[in-house]
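Reader: Please take a close look at one part of this model, its aromatic ring pairing, and set it against the chain as a whole. Give the cut-offs for each term as it comes up.

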Amino acid sequence: TDNGLFRYDGYQFHHYVHEKMLSYSLFDIHEDYDGNLYCKNLNGQIFRFNAEKMELFHTIPDSLSTSYFFYEFLPDRSLVVSAKSIYQYSNGQVKTLLPAQEFHYHQSEMTRDSLGALLIYGKKNTLYKIDTNGVQHIEVFIDQHQARIIYDQQDIFAATNGIIQKAKSSTDLHFEPVYDL
């Protein structure tokens, strides 16, 4: 909510707060591979919480900070953040995976494939696949310069300006329209 994170146990509400929280507006709850829950605020803070407490897990560095950021976890428990660059955060270290000029950071939401890899659409008809082995650049053929990639366990879709396109197959990434608003 705009007033923080609350948990209802059937009898009463528990309000989560953290002394370093820069904004009480929390949203975008994610679960990692160990079942831990996370949320974020617009100030670039990611919090981990459980039934008892909330802790500040990661703060996006000022040089990469933007109010439009997304985050996901890889199977190796590392955090991948899409802000002004896409970077991996693990054991207190930040490793740049993609610089800002490779993707539209204000529209860089990630989706997960069936093996846990993250997919994100970049510039110049490139789909980036991020997994524990690094970043793979895959050429795709989408009839728009910006797209949100959606993976549904067997098909890959691209949503662009009211048009939903589907890849011919997981190996033939020529996209064809399947729905037009």
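Author: Of the contacts between residues at least 6 apart in sequence, 31% join residues at least 24 apart, where contact means heavy atoms within 4.5 Å. The model is predicted: local features need pLDDT of at least 70 and side-chain atom pairs pLDDT 80 or more, while totals for chains, interfaces and linings use all residues. Residues are numbered from 1 along each chain as its sequence is written, and side-chain values use heavy atoms, with hydrogens and water left out.

One ring pair joins distant parts of the chain: Tyr-38 in strand β4 (residues 37-40) and Phe-73 in strand β7 (residues 70-73) are 35 residues apart. Strands are DSSP runs of E with at least two residues, helices are runs of H or I with at least four, and both are numbered from the N terminus. The protein has 18 strands and 0 helices.

The rings of Tyr-38 and Phe-73 are 4.5 Å apart, centre to centre, with 40° between their planes, and the pair is tilted. Rings of Phe, Tyr and Trp (its six-membered ring) pair if their centres lie within 6.5 Å; planes under 30 degrees apart are stacked, over 60 edge-to-face, and the rest tilted. The structure holds 7 aromatic pairs. Ring pairs connect Tyr-38 and Phe-73 with Phe-57, Tyr-71 and Tyr-89 in a cluster.

Tyr-38 and Phe-73 are both buried, that is, under 20% relative accessible area with a 1.4 Å probe and protein chains only; exposed is over 50%, and partly exposed lies in between. Buried residues account for 41% of the 181 in the protein.

Lys-40 adds charge-over-ring geometry. Its charged end sits over the ring of Phe-69, 4.4 Å from the centre, and Lys-40 also lies over the face of Phe-70, at 5.1 Å from the ring centre. The criterion is NZ of Lys or CZ of Arg within 6 Å of the ring centre and within 35 degrees of the ring normal.

As for overall dimensions, the C-alpha atoms fill a box of roughly 50 × 35 × 25 Å along the principal axes. The radius of gyration is 18 Å, which agrees with the value near 16 Å for a compact globule of 181 residues; it is taken over C-alpha atoms, and the globule rule is 2.2 Å times the number of residues to the power 0.38. The protein exposes about 10200 Å², 47% of it supplied by carbon and sulfur atoms, by the Shrake-Rupley method with a 1.4 Å probe.
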